Structure formats: C-alpha cells, structure tokens
Amino acid sequence: MQAVVAGLLLAGCVAPQPPMFGDGEAVPEEASRVALPVRPGPDGTWTLNAPAAGLLGQGRTLVRLAGPGNRRWRLTLPAGFALTAHRPGAAHSAFVRGHQVVLVGGGDGRRGPSAIARLDPERGLLTWQEALPPGSRVFLSEDGREVLTADCHRRSCDLTGRDAWSGALRWTHAVSGPVRVVEACGAGVPTSGDGRGGDGCEPYLVTPDRVGTIDPDDGGPHWLKALRPPDGTVDRVIKAADRVILVTAPAEGGCRATVLAGGTESGEGDRGWRYDFVWDQPQAARDPHTGCRWDRALPLTVGFPMVLPDAEGVLLVNPYFGTRRPFQRLAPGEYLVTDGTANTIVRAPGRPDRLLSTSTGRLVRPHGLSPAARSLTQGFWQDGRRLLLLDHRGHALWRGTSDCQAFGHGSEGGPVTYCDGDDLVTLRPVRED
C-alpha cells in the first residue's frame, strides 16, 4: 500500500512536458508578428543576429526585439560602427557575450579596427568609446568582462586591457620581439554570423620560438612549456582534448602546412603529435596569394574529429592522439559538412551526400529536402525559401516560406523566427487541439 501511495505522489509531482518542435505533435502558432525592423543583407542574413539578446543589426541599424524582459529599441549607429562584418573582432563587427555587447569600428582607408565601444543592450546607447592605433586587434574575454587590444609590430607587441563595462584602462603590457596574436578557439571555428560564434576563443601570443597565454590581471605572458611553433606562419590555434594545437597556413608554392599538438594544455602528459602535409580544402576557392585551396573560415573540427585537409584525402583524427592512433581518410575531393543536426555529412561534387557514421541507420536528411537544407531546431527545416515542420515519420505538420534565413532561439525545440514579406514572425510550439 505504501508503495502505491508513493507512486501516486511521485506521479503527481512530475509536470507534463511542454510542447516542443520535433516532439512529433506540436504545431506552430504565431507568438508575434511585427514590421521587419531591419532588413537582412543580400544573402538573407543579418550581420549581427543574437537571438538570446534579442539583437538584430545590419549596416547602421541596430534593433532590440521586444520579448520577455526586453524593452524594444532602435539605434542608428555612427558610420564608423556600421555592422558589415560577420566575424567578431574585425572592423565593423560586434561581440555579444550574454549582456555584454562590444562594437568594433572601422575607418576610411584603414584595413583593421579603428575604435571600440560598448553598447548598453538595455537602453540602446553607446556608453563609452575608445580610438585604437592602426593595425590593432580586438578580443573580448570569455566572461565578457575585459576587452583586450593588441598593437603588434616587428619588434614588440603592446597589449591593453580595459574594463568592458566602464571602458576604464586596467593594464598595459609590452612584449618584446616579433609577436603575433592568434585566436585560440575551442571549436576550431573563428566565428559565425549569429552573434554567438567565437565563444570560447581567447588570444594566444605566438613568437618564432614560444607560445603563450595572456594573464587577464596584468597582461603578462604565460609561456607554455615544451611547445615550440613549427616553421611557417601559425595561422590558428585550436584547443581540443586538453591540447593546444598549432596550425600553420599553407606556404606559397607547394602549399605545405603543419599541424602540431605539443604536450597538453596543462603542461603534463605525453609528447603530443605532429603532421606535415600538402594543404588542400576541396570546397575552398584558391587563395590569390598562395595559390592553395584554403579558407581560414572553414572549421578544422566538425563534431568530434579533427579535420586535416591533406591533398591525398582529408584525414579525420582524434585531436588528442592525432595520427599516432587509427584514423580515417576520406576519398580525394570529399569533405565534411553539418546541417544543424547531430549528423556529420560527407560531401563531394557530383556524388550523393552520405553520413560519416553508417552505424546509426539514419537517413542523411528527410526525404524531399535538398543538400542546402538546414535544421533550425528539432524537426524544423529550411530549404531555400521553404519552411517545414516534420513529425517522426518525416510527414509535414506545417509548411511555410521565408524571405530571409530563419533562425532558432537557442533552445532545442523552441521558437523559430522567419520573414513573411515585410513582417518578422516568431512561431512557438503548441499542442494541436
């Protein structure tokens, strides 16, 4: 009897699951419809799209969408802070980390950032602004509390740390010798255009013979033990599997490159691994300076494996063991892509897509969708202008069209926003009566 009572009490304490897109039953209902506050660019995307913060930005227009706890506003940005670059840290871009928004400005005739400013996302105002020396690089700490700028030359690199909230100068530090500052990203991806890309990236100092991090308290370097950069130009640093992995840009002429994982991030463990190869990314255009098929924006980690774009066929390796343990080589011309789901897809021109893992028995994508289809959230797809919500059997529960690149809001099975002509529409999942 006691067990029965306990079971009834337990059952009564479990709340029913709310409807979610992708649960096989929920259908869309309009949660909001407003006049499109800022039009996307020609490709259907916004330079800044941070759904969690409610921010949409394109050119000199930046808006905050109304939402729970969000007051709507519209701001015309100064020309120097117009939003045209998707990559945070570049001139005319923005960093968004939680409630912290830092704009990176650009000036006429200057290639890099010319100024930085903080945007108050609650009031839609610029609270401070600071000019930068020519050639500066800009970074925002992972916790959003500090803005780091680096002004590097052949003989030294001047580092500056500012409080991101107030703009107050916290420290300056000069590192002597030829120093470059390179982002180290946990996912190996510099950024994406949704305002969330670049999270987990931090700056590393790279010299001809040392690699180090920057102390957030005083800007001093912490050089990593037993990690000497390989010959060539270290183009990116990747943090994966407790390793710091250095990747050189392909060299002009022969496209030779090196990937070096030296020791572990903690300075303990084995000797790491190294791989030298001829760089060739089949999906990339030829770089005009090197003549190599190379695009720094393409990720070197897709899911778990690390991607080594070898001209003999892409190598997929465990980032900890590298080529010292069994690895998989794709056929020449093949490369990896994702579609917003957990699937890792192998693609090559003139061949049908296939899943990297064949053990799941899943389809590459639901029937009737093209290779350009992308998942917005669980069960919800966009394929060109088409929007589709599918049940577990692949049958359409709802169909629509979007005049922009629709987007989810970060929660699995949660709301989806799209463009219906001159309106911006947000759909929420509800149970069908």
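Two strands are taken to pair if DSSP finds at least two bridges between them, and this criterion underlies the strand pairings followed here through a predicted model. In an open sheet of 3 strands, the order is S25-S26-S27 and the pairing is antiparallel. Its edges are formed by strand S25 (335–337) and strand S27 (354–355), each of which pairs on one side only. Between S25 and strand S26, residues 345–347, there are 3 bridges, and the two strands run antiparallel; within this pairing, Val337 has Ile345 of S26 as its bridge partner.

Further along the chain, strand S29 (residues 380–383) is joined to S30 by 4 bridges in an antiparallel arrangement, with Phe380 bridging to Leu389 in S30. The hairpin of S29 and S30 has 2 residues between the strands, and in this hairpin Gly384 takes a positive phi near 65°. S30 also pairs with strand S31 (residues 396–401), again in the antiparallel sense, over 5 bridges, and here Leu387 stands opposite Gly400 in S31. The hairpin of S30 and S31 has 5 residues between the strands, and Gly394 takes a positive phi near 85°. Because 4 of the 5 residues of strand S30 (residues 386–390) are buried, this strand is largely enclosed by the rest of the structure.

A loop position offers another view of burial. Ala82 lies between strand S5 (73–76) and strand S6 (93–97), and its relative accessible area of 10% falls under the 20% limit for a buried residue. Leaving aside neighbours within four places in sequence, Ala82 is in contact with Gly59, Arg60 and His92, while its C-alpha atom is separated by 12 Å from that of Ala115, 33 residues apart along the chain.

Methods: Residues numbered from 1 in each chain as written. Predicted model: local features only at pLDDT ≥ 70, side-chain atom pairs only at ≥ 80, totals over all residues. Heavy atoms only, no water. Buried < 20%, exposed > 50% of the residue type's maximum accessible area, 1.4 Å probe, protein only. Contact = heavy atoms within 4.5 Å.
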